[in-house]
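Hi,

Here is the structure I promised to pass on to you. Have a look at it first, and then read on for my notes on cysteines and charged pairs.

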Amino acid sequence: MTEPRFAPNRRMILNAFSMNCVSHIQQGLWVRADSRQTEYLQLEPWLELARIAEAGCLDSLFLADVVGLYDNYQGSADTSFRQAVQVPVNDPMLLIPAMATVTEQLSFAFTSSVLQAHPFTFARQLSTLDHLTRGRIAWNVVTSYLPNAGSNLGFDGLPDHEERYARAEEYLEVVYKLCEGSWSDDAVIIDRVEHVYADPSKVRQINHRGPRYEVQGPHLSEPSPQRTPVLFQAGMSDRGRDFASSNAECIFVVASTRGTAAIRRDFEKRLNSKNRSISEVKLIGGVAPIVGGTEKEAIDKKNDYLEQLSVEGGLVHMSGNTGVDLGDIDPSTPLDGFDTERVQGLIKNLIDSAPPGTRTFGDLIRSNLAGAWLVGSDEQVANELQNRFDAGLDGFNLTYSVTPGTFVDFIDGVLPILQKRGLAQSEYTPGTFREKLFGYPRLPRTHPATVHRQP
Ligand SMILES: Cc1cc2nc3c(=O)[nH]c(=O)nc-3n(C[C@H](O)[C@H](O)[C@H](O)COP(=O)(O)O)c2cc1C
């Protein structure tokens, strides 16, 4: 088995992971007095979080989102509302301009589903944000997994898995044509003497006609610093990986340390078959660090969190992810052979991490409740992140138990160790998010979006 080979100046990408709601991943902990989760309706906690992330030199604040309810646990959404499982949830995009005004270098990655907004409208929002932040924007392209999201948006339930990805391909094509191809770089002149803002001969209609969208154009926004913002993607099924290797620049992977090298090789192969290279992509894992000055301190903290962690809230979350009502299933039911139209990658990763035929729904429940917790002293957590980095992950989305406390603990305790080892940045590279991540401002020639550029 070949080990992954890496670029010589590779560094760990670190993103704070959050959501514009009361309860994101670790259900139940919003009740704690040391958490500001219930203040999500105010701007101030978001500004505080952005400042903390930038002071810690984190790459971005990454905002998840859903546009529907988790409503299949015990046959309804009642527990979702009671436990605030990703509902109520507000729009992540609208937080960004405010957070951008209190930061200079931190980037913002936000989630938007291809079911959610028309690509013409969405491309204009993307360009607007990219302008206002001077290129500090990434879009996490998702295809949705909650049937209620489809029903909210005129699809009569969730379109099937293949159709969602086919829609995503066309959606991206429209966005690429608008962001990359509609305006020439030299279209905007701003000639005050001649009274000419833009040269109309350098602005083109896109005339997209596809099975799902018809868009004449031109793009209404002038070219933004990155044109197409940095593209994140989080699907892990075979189709999801195929889509990611065509389009994504940062791929959010679900992998055990043992499974990472294989996932990296898989992406390497897929990217090469599309004339792209693994050096154009960052593989980002998820981790929920619980750290203390000593291991005991960290374990005490974890035990304290366990007191308030809501098992029922976790079951609601996972029922939504899998499409199975986990309030109504025997935990010894085998997981092998179980396929879901929803988040396939989560299940597959668990099945593949043990001998065939041994994983059960009980394992699925346990693995998700304790989740991605990484508990230990600052040094122990830094060591484990380094192991995962060496195994092939390029970075991590940091999931909180309490906010902003988890991020503060990480930045104060673990980050200095990673920085001292030369693994994490101690200062920002100037420029757009793409320049900070890859050293170039716009999508490289190998990316399919660039075929739409004007000559
Ligand atoms: C780690 C991870 C994070 C995700 N985050 C979101 C999210 O914030 N919002 C969303 O609608 N979907 C999210 N998804 C769902 C995926 O984007 C995708 O739509 C779904 O997983 C189905 O694709 P798959 O079967 O290829 O995994 C996430 C998936 C994974 C694996």
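Let me start with the terms for exposure: a residue is buried when its relative accessible area is under 20%, exposed when that value is over 50%, and partly exposed in between. One thing to keep in mind throughout is that this is a predicted model.

With those limits, Lys 274 is partly exposed, because its relative accessibility is 24%. Its partner Asp 242 is also partly exposed, at 29%. The two side chains form a salt bridge, with 2.7 Å between N and O. This pair connects distant parts of the chain: Asp 242 belongs to helix α7 (residues 238-247), while Lys 274 sits in the loop between α8 (257-273) and β11 (282-292), 32 residues away.

What about a pair out of reach of solvent? Arg 434 is buried, at 0% relative accessibility, and Glu 249 is buried too, with a relative accessible area of 1%. Their side chains meet in a salt bridge at 2.8 Å, N to O. Arg 434 is part of helix α15 (residues 433-438) and Glu 249 is in the loop between α7 and β10 (250-252), so this contact ties together parts lying 185 residues apart in sequence.

A local example comes from helix α9 (residues 295-308), which holds both Lys 296 and Asp 300, four residues apart, or about one turn of the helix. Lys 296 is exposed, with a relative accessible area of 55%, whereas Asp 300 is partly exposed at 38%. Salt bridges that share partners also join Glu 162, Glu 169, Arg 239, Asp 242 and Lys 274 into one network. As for the helix α9 pair, the closest N and O atoms of Lys 296 and Asp 300 are 2.6 Å apart, and they form a salt bridge. The full count is 31 salt bridges.

Now the cysteines. How many disulfides does the model have? The count is zero. A disulfide needs two cysteine sulfur atoms within 2.5 Å. For Cys 57, the closest cysteine sulfur is that of Cys 250, 17 Å away, so the two are too far apart for a bond. Cys 179 also has its closest cysteine sulfur in Cys 250, at 17 Å, which is again too far. Cys 57 counts as buried at 10% relative accessibility, and Cys 179 is buried at 3%.

Happy to talk any of this through.

Best wishes

Technical notes. Residues numbered from 1 in each chain as written. Predicted model: local features only at pLDDT ≥ 70, side-chain atom pairs only at ≥ 80, totals over all residues. Heavy atoms only, no water. Buried < 20%, exposed > 50% of the residue type's maximum accessible area, 1.4 Å probe, protein only. Salt bridge = Lys/Arg side-chain N within 4 Å of Asp/Glu carboxyl O. Helix = DSSP H or I, 4+ residues; strand = E, 2+ residues; numbered from the N terminus.
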